[in-house]
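User: I am new to this structure and would like to go through it in questions and answers. Please show it to me before we begin.

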Amino acid sequence: TPVIGVLALQGDVREHAVALAEADALARPVRRPEELAEVDGLVIPGGESTTMSNLALAFGLMEPLRARVAEGMPVYGSCAGMIMLADKVLDGRDDQQSVGGIDMTVRRNAFGRQNESFESTVALHGGWATGLEGGPLHGVFIRAPWVESVGAGVEVLAELASGPAAGRIVAVRQGNLLATSFHPELTGDHRVHASFVDLVRAAAR
Ligand code: GLN
């Protein structure tokens, strides 16, 4: 059974731990480098990327996170977690740092004031590890980023299906790194987490 950490500096840690357990992984909170060293994969939850960045620096986790990403550890980032995995962040705070790893540019709080939080159908493309054959996802977006552009090595996994931001990229994968703008941990549909658990299993082999 894969042991998957949830970065527990800030954000909706508990909901991801529940979703991972329901997807047959052992979930562990990660706050210290020693805890990071013991997991097979990591979820970076939703929350506030500026705060997460500050705390990762204060807890001495930023460099260890970058090192494990460089080694190929699977990481799934949701919302603020997606921002943490982006090589480039637009509309970030000046001192905000990301872990990076996905060759993409994300825009923080991209959907604007009247749409800061909304729910929408998300149209899926191929490239998920497994398990997303069951049709579109219901996306919960909370002051979410969108993916403004991706490099050649990045697979686009999902776009918004409708509404003013239709066609915007909201899920991507680059190798063992997976990121979504939305929050599948809040919907009871754990296919995204199950797909990530399979990715962790495959990487461990
Ligand atoms: N707006 C937040 C940020 O910039 C992300 C919101 C979320 O994770 N739900 O980090």
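**Confidence and surroundings**

Analyst: The protein chain has a mean pLDDT (the predictor's confidence in each residue, from 0 to 100) of 95, and 100% of its residues reach 70 or more. The model is predicted: local features need pLDDT of at least 70, side-chain atom pairs count only at pLDDT 80 or more, and totals for chains, interfaces and linings use all residues. Residues are numbered from 1 along each chain as its sequence is written.

User: What ipTM does the predictor give the complex?

Analyst: Two scores are given for the complex. The pTM is 0.97. The ipTM is 0.96.

User: How many charged residues does the shell around the ligand have?

Analyst: A residue is near the ligand if its C-beta atom, placed from the backbone, lies within 6 Å of it. The residues around the ligand include Glu 48, Cys 79, Arg 108 and Arg 143. Ala, Val, Leu, Ile, Met, Phe, Trp, Tyr, Cys and Pro count as nonpolar, Asp, Glu, Lys and Arg as charged, and the others, Gly among them, as polar. By these classes the shell has four nonpolar residues, four polar ones and, as charged residues, three.

User: Are the residues on the two faces of strand S4 buried or exposed?

Analyst: Strands are DSSP runs of E with at least two residues, and helices are runs of H or I with at least four, numbered from the N terminus. A residue is buried if 20 or more other C-beta atoms lie within 10 Å of its own, exposed if 12 or fewer, and partly exposed in between, with C-beta atoms placed from the backbone. In S4 (residues 75-78), Val 75 and Gly 77 on one side and Tyr 76 and Ser 78 on the other are all buried.

User: Which residue in S12 is the bridge partner of Ser 78?

Analyst: Two strands pair if DSSP finds at least two bridges between them. S4 and strand S12 (residues 177-180) pair in the parallel sense over four bridges. The partner of Ser 78 in S12 is Thr 180.

User: Why does Ser 98 count as buried?

Analyst: Ser 98 lies in the loop between S5 and S6. Its contacts, taken as C-beta atoms placed from the backbone and within 7 Å, include Ile 83 and Val 89, not counting residues up to four places away in sequence. Ser 98 is buried because the number of other C-beta atoms within 10 Å is 24.

User: What is the phi of Asp 24?

Analyst: Most residues other than glycine have a negative phi. Asp 24 is in the loop between helix H1 (13-22) and strand S2 (26-30). Asp 24 is not a glycine, yet its phi is positive, at about 70 degrees.

Methods: Two residues are in contact if their C-beta atoms, placed from the backbone, lie within 7 Å.
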